[in-house]
Amino acid sequence: KRKALRNIQKAGVTCVTGEDIEKATLKKDRGIEHTPREKVVVKYLTRLLANNKPLWVDMKVAEGAHEMVDLAKQIGNVYILSSPFDDDSVSAKHEWLQRHFPNTFDKIFIEGEKGQTIVNTGIIEKGEIAILIDDRVKAEQQIDGTGAQLVPHRPPASKEAAAKTLQFLRGLLP
């Protein structure tokens, strides 16, 4: 982590915004090469996130998340499908969900390939509504052709994304 910090300092990076992170993530998801500055920032952030269970466990609940879950429960079964960052993030995500949403979800999946996971669950074949609320562009590519519908939750953890997602879910209520 110190070496990554030195590299970010050598690159002259003094501030990294949420917008910087979102832009780098979009480029990664779309297979677009990062600028030299973005490469240094991504490497530094990766070092901070890796093997850092406390960071994952202590994340705040995104705005509107409880209301989204409540609405989703009125529509049908609620599953969580999240991507792992590393082994620590997998156990931390389970712990975080139990802390903030105890005994709420029918099933929790921490899998890298979301489309294949949706197919493997048999949700579509059971006639369930399959909606993936996700802030990553790659999720749309992964679920293409699965029968699931994506609700793009962007920009991540924003009031704007929460409002759009809540509006979508309200539109599905009977």
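Which helix is the place of Glu22? Glu22 sits in helix H2, residues 18-30, and that is where these close-ups begin. The model is a predicted one, so to speak of local features takes pLDDT of at least 70 and side-chain atom pairs count only at pLDDT 80 or more, while totals for chains, interfaces and linings use all residues. Residues are numbered from 1 along each chain as its sequence is written, and side-chain values use heavy atoms, with hydrogens and water left out.

**View 1. Glu22, a buried acid without a salt bridge.** Helices (H or I, at least four residues) and strands (E, at least two) are DSSP runs, numbered from the N terminus. Glu22 is buried, where buried means under 20% relative accessible area, exposed over 50% and partly exposed in between (1.4 Å probe, protein chains only). The nearest side chain of opposite charge is Arg154, 4.9 Å away; Lys and Arg count as positive, Asp and Glu as negative, and His and the chain ends are not counted. A salt bridge would take a side-chain nitrogen of Lys or Arg within 4 Å of a carboxyl oxygen of Asp or Glu. Not counting residues up to four places away in sequence, Glu22 touches Asp135, Arg154 and Pro156 (contact means heavy atoms within 4.5 Å).

**View 2. The cis peptide bond between Arg154 and Pro155.** Omega here is about -5°. Pro155 belongs to the loop between strand E4 (149-152) and helix H9 (159-172).

**View 3. Asn51 and its positive phi.** Asn51 is not a glycine, yet phi is near 50°. Look for Asn51 in the loop between helix H3 (36-49) and helix H4 (53-57), where Asn51 is exposed at 61% relative accessibility.

**View 4. Asn103, with a positive phi.** Phi of Asn103 is near 50°. This Asn103 is in the loop between helix H6 (87-100) and strand E2 (107-110), and is exposed with a relative accessible area of 72%.

**View 5. Arg170 on helix H9.** Arg170 is partly exposed, its relative accessible area being 42%. Leaving aside neighbours within four places in sequence, Arg170 is in contact with Glu67 and Leu71. Arg170 and Ile75 are 95 residues apart in sequence but 9.2 Å apart in space, C-alpha to C-alpha.

**View 6. Aromatic pairs, 4 in the count.** Rings of Phe, Tyr and Trp (its six-membered ring) pair if their centres lie within 6.5 Å; planes under 30 degrees apart count as stacked, over 60 as edge-to-face and the rest as tilted. The rings of Tyr79 and Phe109 are tilted, with centres 6.4 Å apart and planes at 45°. Tyr79 is in strand E1 (residues 79-82) and Phe109 in strand E2, so this pair ties together parts 30 residues apart in sequence. Tyr79 is partly exposed at 25% relative accessibility, whereas Phe109 is buried at 16%. Phe101 and Phe105 make a tilted pair too, with centres 5.6 Å apart and planes at 50°. Both of them, Phe101 and Phe105, are buried, and together with Trp96 they form one aromatic cluster.

**View 7. Strand E3 (residues 131-134), with alternating side chains.** Leu132 and Asp134 point to one face and are buried, while Ile131 and Ile133 point to the other and are not. E3 and E4 pair in the parallel sense over 4 bridges (strands pair if DSSP finds at least two bridges between them), and Leu150 in E4 is the bridge partner of Leu132. From E3 the chain crosses through helix H8 (residues 137-143) to E4 in a right-handed β-α-β crossover: with the strands pointing away from the viewer, the path from the first strand over the helix to the second runs clockwise.
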